[in-house]
Amino acid sequence: MKTTVFPDTHIDVMLRVNGRARRLRLDSRVTLLDALRDELDLTGTKKGCDQGACGACTVLLDGQRVLSCLTLAAQSEGREVTTIEGLAPDGRLHPVQEAFIRHDGFQCGYCTPGQIVSAVALLQEGRAGSDEEIREFMSGNLCRCGAYPNIVAAIREVAGGGGQ
């Protein structure tokens, strides 16, 4: 009987996560989401649908929002990854986080990290010109509780105040 030997699929990956360089040895098929949660213990980024449909896993990759469940960790080699934990590195909440609290922009809270990270990117992209525009560019982040009006109000407040 012939034995098939499969090549080792592990690779070394250097990620820069929340301003800190992290070297990992991972299976080449590991998603950025699983590397963040399982290897780096950054559990703020949520695993929702695991198919890229809900936005719960949204992180910033070089300042652009990405769905970390659809992004391989290897694709993030040498790039800056910012998670919800990285928005408040000194312990002080990001203005978007503060606005979400003031406007009760969450109910169960499961989608909140992805919503906040996406909102930060939306503001950086200058896409908060109107409530309709905010809704359009936040449409990839789903909330089962229906906190959408409060989420829009929180983003509008930060956009109007010019704060971030």
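This short talk covers the salt bridges, one loop residue and the largest pocket of the structure above.

The structure is a predicted model, in which local features need pLDDT of at least 70 and side-chain atom pairs count only at pLDDT 80 or more, while totals for chains, interfaces and linings use all residues. Residues are numbered from 1 along each chain as its sequence is written, and side-chain values use heavy atoms, with hydrogens and water left out.

I begin with the salt bridges. A salt bridge here is a side-chain nitrogen of Lys or Arg within 4 Å of a carboxyl oxygen of Asp or Glu. By this rule there are 12 salt bridges. One of them joins Arg 25 to Asp 8, with the closest N and O atoms 3.2 Å apart. This pair links distant parts of the chain, 17 residues apart: Arg 25 lies in strand S2, and Asp 8 in the segment before strand S1 (10–17). Strands (E, at least two residues) and helices (H or I, at least four) are DSSP runs, numbered from the N terminus. Asp 8, Asp 12 and Arg 25 are linked in a network of salt bridges.

Are these partners buried or exposed? The terms refer to relative accessible area: buried is under 20%, exposed is over 50%, and partly exposed is in between (1.4 Å probe, protein chains only). Arg 25 is partly exposed because its relative accessibility is 46%, and Asp 8 is exposed at 55%.

Arg 29 and Asp 27 also meet in a salt bridge, at 2.6 Å from N to O. Arg 29 is exposed, with a relative accessible area of 60%, whereas Asp 27 is buried at 17%.

Ser 28 sits in the loop between strand S2 (20–27) and helix H1 (32–39). With 27% relative accessibility, Ser 28 counts as partly exposed. Which residues does Ser 28 contact, leaving aside its neighbours within four places in sequence? They are Thr 9, Ile 11 and Leu 72, where contact means heavy atoms within 4.5 Å.

I close with the largest pocket, which holds about 190 Å³ of space. On a 1 Å grid over the protein atoms alone, a pocket is an open set of points with protein on both sides within 12 Å along at least five of seven lines, and lining residues have an atom within 4 Å of a point. The volume is the space filled by probe spheres set on the points. Its lining includes Cys 49, Cys 54, Tyr 110, Leu 142 and Arg 144.

Definitions and conventions:
On a 1 Å grid over the protein atoms alone, a cavity is a set of points where a 1.4 Å probe fits but cannot get out, and a pocket is an open set with protein on both sides within 12 Å along at least five of seven lines; lining residues have an atom within 4 Å of a point.
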